[in-house]
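Please examine the structure shown below with attention to its charged pairs, its surface and its helices. The paragraphs that follow lead from one feature to the next.

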Amino acid sequence: MKACANKEFKFRTTLSSFAENFALFAVIKENLDLLKIVCLSFGLSITSHKTLCQEDKISEIISSVAEELASDEDDPEAAAVFTERLFELAEKPVRINSADESELSRLFFLTDFQVKSLADYIHSTGRIFTKYELASVTGFNRSLAEMISPFISLESSKSSKKDTIILHGSFISNFSLKNNQSDTMYPGPPWKALSRLSFSTGKLSGGITAEKDAGEKIISGKPPLPDFLSANLSWSGTGILRKIIIGDFTARFGTGIGLNTGLRTGLSLTQAGYISGNDEIRPYSSTCEYGFFRGIAGRFRTGKTTVSLFCSADKTDAAIDTVPENSMRFIRTIYRTGQHNTSSSLLSKDALAEFSYGMNVLFDLRNIRTGLLFTGSRLSVPVAIYEGDPEEIFDFKGRDNYNASIYYKAVMGKIIIFGELCADRSMKKAFVQGFTFRPDSRLTINSLYRNYEPGFASFHGKGLLSSSSGDNIRGIFGNFTFEAAKHLFISAGCDLRYYPWLSYRCSSPSASLSGEVRIRYMPDQDLSFESLYSYRRYPYDNPEAMGVKKQHNMLTRSFKVYARYSPAENLTIATRLDYKTGGYESPGTGTMIVQDIGYRLRSPEVALWLRYGIFRTGSWDSRLYAYENDLVYSFSVPAFYGTGERIYLMADWKIRKSMNLRIKYGLTDTYSASDYQIATEEVRELRLQLRLRF
């Protein structure tokens, strides 16, 4: 009886919390101004004429993982890289009928089984004629077929166009401004600007990217240049020399333990993706100002052996300090924000020089692929740590580091196994072993074990499911995806981590647990439902404890429901509801409701996106994320906390076949109530983009 009473009390508490939140939403809604009501009424009253463009599908795919990337504060730039890779695929689709696994693996969110299964299907049938045929490939379904459709081309390898000297390219110019970014102490104007030029002609391609963040000078330094300037030139061939890149580039080999300056794979507990990885050296065109290489890289292939070489000399922002006793300089902090709009950030700009080099040898046999990697780095100023702090005992110190790895991937019937063993200069090791098992065409099982020893250092490594520093973690991960019935897909995942040494907010060895269940139902091409339940348990020090810190477990539970409906060919309506509980020092609940509308006009050719959302969270720890449609090659996953509302309207106007103008206006109101009135903090945002193709 007591247990039943407790359950009834918890249930009533939850209902009370929901009632509180929605009652407040009703009060907020009454304060909407005329503009918001007009925009919403316009979105609901429009009729149909034309199909929505592929960018809508791209946005749906991005939203499925971008919010999880944003909530991982250790790797906030991963969402930007993910977005960029998807838009690149949309502009240069994968030729799936080539049946080339290296070409198919450009669809980096596919699993190894799906890549191999697709290649085998094309080899046996000759070619795929329609995108709907993908659903009949072993390991695929209608949901996945629709997801990858914007990124593939059905053009056969025989009919594909040969390399020509015709010049193709694009130019993008972005401008954005927020009303709360103005600061008289900034050395430059408060707006942010980006310009990007890319081109290709035959086997030659290249690009230039320039960016100025809010508050930075337009031109600075000697010689005078934009605050961030990146460029690359690459050539691809089919002989012994397969690729050469001069300028900025990224590299990834094996599972990414020893070297991975690109995208971190295995992004979600229920969407493991291409977790065994794909070796690559590719030009860098992102705006993230750290973590890439600047120099020269090449790839050579003869027979079944591929050799990759690279060297890089780049500079990084860092705070440099001096030891008073001997005047020795050392690195106090390395900055990764890329912003230079204060006196301290200007002093730290490019203060640290790094020289990196590496070689990778890959042996590609029939059913097994194995590789050897060696990479090293040397810093211009050594890293020093305070040895009296136990949390820093295993931290890297010195100026030189190198890593040596051996990795493999093998296919054995319905099982793919993969792994990597890596050691650093101090012989600290990291080990990853995983497998993918497909016992039936409707069921896929993934599992991964990793062990990153405390003190293991890899300057440019991002291993699978590692911590932000890449060390001090042992864990096991597993998930499955199951097609339970026609149009019904169920997936679930669990990740158990053990930290053998101190970790963030925890002054003793500890363990954490994460779990997730996702259900997706697609009864019709124009209708889909998705629900997601997540559970997180992390240890942290009790801030009120005296002497030896005691640990508490922080529990976070979140539930999301998403529905998408297309009543007409050019109209899409989506609704989502989020509910979250948990927190560190001030546990609370968070609730959010979001309504999206997408519409496309026939003449003029204009696509419109409208969002209205209301939210209420108890604290920063119960914050909620909602991916927003944004400018091309850009992403936006704002964190909502407190009490307020969010609205934005974006339009994309196709002025001519080779020219698009995109405008986004967003408004976020956050309310704080007192005994006598409701105070409002208003953040307005304007974003413009001009896109040219030639």
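A residue is called buried when its relative accessible area is under 20%, exposed when that area is over 50%, and partly exposed in between. The model discussed here is predicted. At 41% relative accessibility, Leu496 therefore counts as partly exposed. Leu496 belongs to strand 20, which covers residues 488-499.

Leu496 is also one member of a nonpolar patch on the surface. The other members of this patch are Phe363, Leu372, Ile406, Leu421, Phe431, Tyr449 and Ile476. Together, the residues of the patch have about 670 Å² of accessible area.

From this nonpolar surface we turn to helix 6, which runs over residues 112-125. At 1.5 Å a residue, its 14 residues should span 20 Å, and the end C-alpha atoms are 20 Å apart, so the expected and modelled spans agree. Where does helix 6 have its buried residues? They are Asp112, Phe113, Gln114, Val115, Ser117, Leu118, Ala119, Tyr121 and Ile122. An α-helix has 3.6 residues a turn, so residues three or four places apart point the same way. The buried residues of helix 6 pack against two helices, helix 5 (101-104) and helix 7 (142-148). They also pack against strand 15 (398-412), strand 16 (415-423) and strand 17 (429-440). Just after helix 6, Gly126 takes a positive phi of about 105 degrees.

The charged residues come next. Side chains of opposite charge can pair when their charged atoms come close. How many salt bridges does the structure hold? There are 24 salt bridges, and three individual pairs are described here in turn.

In one of them, Lys192 pairs with Glu211, with the closest N and O atoms 3.5 Å apart. Lys192 lies in strand 4 (residues 192-201) and Glu211 in strand 5 (residues 204-212), so this salt bridge ties together parts that are 19 residues apart in sequence. Lys192 is partly exposed, its relative accessible area being 34%, whereas Glu211 is buried at 5%.

Another salt bridge joins Arg294 to Asp248, and here the closest N and O atoms are 2.6 Å apart. This pair links distant parts of the chain, as Arg294 is in strand 9 (residues 293-302) and Asp248 in strand 7 (residues 241-252), 46 residues apart. Is each partner buried or partly exposed? Arg294 counts as partly exposed, with 29% relative accessibility, while Asp248 is buried, with 1%.

In a further pair, the side chains of Glu530 and Arg520 meet in a salt bridge with an N to O distance of 3.9 Å. Because Glu530 lies in strand 22 (residues 527-541) and Arg520 in strand 21 (residues 510-524), the pair ties together parts that are ten residues apart in sequence. Here the acidic partner, Glu530, is buried at 14% relative accessibility, and Arg520 is partly exposed at 25%.

Salt bridges can also be followed beyond single pairs. Glu628, Asp630, Arg646, Lys664, Glu685 and Arg687 are linked in a network of salt bridges.

A final charged residue to locate is Asp652, which is found in strand 29 (residues 643-656). At 9% relative accessibility, Asp652 counts as buried. Which side chain does the side chain of Asp652 contact? The side chain of Asp652 makes a polar contact with that of Arg662, at 2.8 Å.

Methods
Residues numbered from 1 in each chain as written. Predicted model: local features only at pLDDT ≥ 70, side-chain atom pairs only at ≥ 80, totals over all residues. Heavy atoms only, no water. Salt bridge = Lys/Arg side-chain N within 4 Å of Asp/Glu carboxyl O. Helix = DSSP H or I, 4+ residues; strand = E, 2+ residues; numbered from the N terminus. Buried < 20%, exposed > 50% of the residue type's maximum accessible area, 1.4 Å probe, protein only. Patch = residues over 30% accessible without salt bridge, like charges linked within 9 Å, V, L, I, M, F, W, Y side chains within 5 Å. Areas by Shrake-Rupley, 256 points an atom, 1.4 Å probe, with all protein chains shown as cover. Expected span 1.5 Å × (residues − 1). Contact = heavy atoms within 4.5 Å. Polar contact = N/O pair within 3.5 Å; in protein donor to acceptor, adjacent residues only side chain to side chain.
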